[in-house]
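Biologist: Could you take me through one part of this model up close? I'd like to hear about the packed helices, and then about how the charged side chains pair up.

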Amino acid sequence: MTQIAEPGTSRDEAPPAGRISHWINGRIVAGTSGREGPVYNPATGTVAKHVDFASVEEVAAAVAAAKTAFPTWRATSLSKRTEIMFRVRNLVEQHRKEIAALLTAEHGKVPSDALGEVARGLENLEFATGIPNLLKGGFTEQASTGVDVFQIRQPLGVVAGITPFNFPAMVPMWMFGNAIACGNTFVLKPSEKDPSASIFIAELLAEAGVPAGVFNVVHGDKVAVDAILDHPDIAAVSFVGSTPIARYIYETGTRNGKRVQALGGAKNHMIVLPDADIDMAADAAVSAGYGSSGERCMAVATVVAVGDVADPLVDAIRERLPKVKVGPGSDPEAEMGPLVTKQHRDKVASYLESGPAQGARVVADGREHPLYRESEGFYLGASLIDNVTPDMDCYRDEIFGPVLTVVRVKTYDEAVALVNDNPYGNGTAIFTRDGGAARQFQFEAQAGMVGINVPIPVPVAYYSFGGWKASLFGDLHMYGPEGIQFYTRAKVVTQRWPDPGTSKVDLGFPRTR
Ligand code: NAD
């Protein structure tokens, strides 16, 4: 039987400096595959660490640990699991600055943004502390004479999470808090680009008393992902990342008999109606377009300017851009850090070539920023492209960087058609003073999350997060109530306790009530 560890036992097993290894069965396990990847400091452009890439066998070892831990964890009382989840929540809260520092070091996001990521992750852990209430089933007394019926929800077994680079702490917390609170055991495959936070969090979970094997981390690339998708002992997979990989995960995982929720990419439109407050809309577009250097799946990618709002709105956005302070996380005034890799920065910058070549107008060119030209870090200044049309690459592709595009349309109907014709359907927003227009938009927008005068409408943790169309493959959204549904399956029990001697053989179907 796996024992619940005493809090505070296993945080001294630090990995060797410069190497990030796996976390299997409650301890750090050095990789043996001979494969590894570089982890950059995006602010300097240098390789800061290396991360081990798991082999099929190493993934199997993590799954075996999780499978062994499952029966005991599943049988651990709800009150004990709740107590542990509270300790997990408190330790993450106590160590929020250290987690944020790891995010800044490997992702590049500035400390205020990194602390915001941890705060949103914490909300999900707080939700999971309510697990006794969340797992309450329904009970029907006297469904038939002397017969009661009730429903319970039980954990699935070993479940896996595969996560993207842009939220290395929060997105794992979207998944594992609910998953383990429900009684499952978990294998996380974080992004290989910024893997350190996952190991730090694994250590906190151990310190909180999460038993060995309940939470495991394997690093790596497609080899590790495919090993997860092929493993017969993994019951369910949660994925967050780009749309092509999300589709692949969904198709492969479901073909292998697993329950899958796979959240994909986005192209979020922010509609600004002519009656909107221009300053409020411009502040929102800049905050939501350039926050985290545009590397958020809920970032505003396209501003849709309706009617004569376009000229003053574009001017108001342009005026704000020189004030956006770009710099490393070590600069306390920096608001926007570098992008995650040079390859990604160069791809993002390429839209400043293709946009004007296809007829758009570059209003602000981030390549003119001194850090783009002089630093080895992966910087790009805030960029704005106006007069974009739906056939252009900068409209069609998910740019995922600090390049905001503006599409000009004449009417509300044209604006809504853009949102609804777009293959993605993650989030969308409308800025207006007209309640009727906003209500109509909420009614007809084909997206999973809608903001009304709110540019990044990420739901609070007691709702669930998910897009429509190519932004989500699967039936259930992530975290919140739908997360609990995803990580459990229903069982309905029908029972009676008749007195001895009252039964008889009856081959028919029940006819009377
Ligand atoms: P990505 O799809 O490249 O990687 C996500 C995960 O999949 C990583 O763990 C990676 O190692 C793995 N992976 C990558 N290529 C693979 C392959 N060929 N086969 C198997 N596994 C593979 O995404 P990313 O670049 O890390 O993250 C950015 C993307 O994630 C953007 O498209 C963004 O919109 C999306 N995202 C979506 C949400 C959402 O909630 N919908 C949230 C955050 C990020």
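**Helix packing and salt bridges**

Modeller: Sure. In this predicted model, the axes of helix α8 (residues 222–230) and helix α9 (residues 243–255) cross at roughly 35° and come within 9 Å. On the α8 side, Lys222, Val225, Asp226 and Leu229 make the contact, and they meet Tyr248, Ile249, Thr252 and Gly253 in α9. Sorted by class, that contact has four nonpolar, two polar and two charged residues.

Now for the charge pairs. The structure holds 26 salt bridges, so let's just pick a few. Side chains of opposite charge can pair when their charged atoms come close. Take aspartate 283 and arginine 320, whose side chains meet in a salt bridge at 2.5 Å, N to O. This pair links distant parts of the chain, with aspartate 283 in helix α10 (residues 278–290) and arginine 320 in helix α11 (residues 310–320), 37 residues apart. Aspartate 283 counts as partly exposed because its relative accessibility is 39%, while arginine 320 is buried at 16%.

Another one joins arginine 408 to aspartate 386, with the closest N and O atoms 2.8 Å apart. Here too the pair links distant parts of the chain: arginine 408 lies in strand β17 (residues 403–409) and aspartate 386 in strand β16 (residues 383–386), 22 residues apart. Aspartate 386 is buried, at 0% relative accessibility, and arginine 408 is partly exposed, at 31%. Both belong to a network of salt bridges that links Asp311, Arg361, Asp386 and Arg408.

Conventions
Residues numbered from 1 in each chain as written. Predicted model: local features only at pLDDT ≥ 70, side-chain atom pairs only at ≥ 80, totals over all residues. Heavy atoms only, no water. Axes fitted to C-alpha atoms, helices over the stretch in contact; angles between N-to-C directions. Helix = DSSP H or I, 4+ residues; strand = E, 2+ residues; numbered from the N terminus. Contact = heavy atoms within 4.5 Å. Nonpolar A, V, L, I, M, F, W, Y, C, P; charged D, E, K, R; others polar. Salt bridge = Lys/Arg side-chain N within 4 Å of Asp/Glu carboxyl O. Buried < 20%, exposed > 50% of the residue type's maximum accessible area, 1.4 Å probe, protein only.
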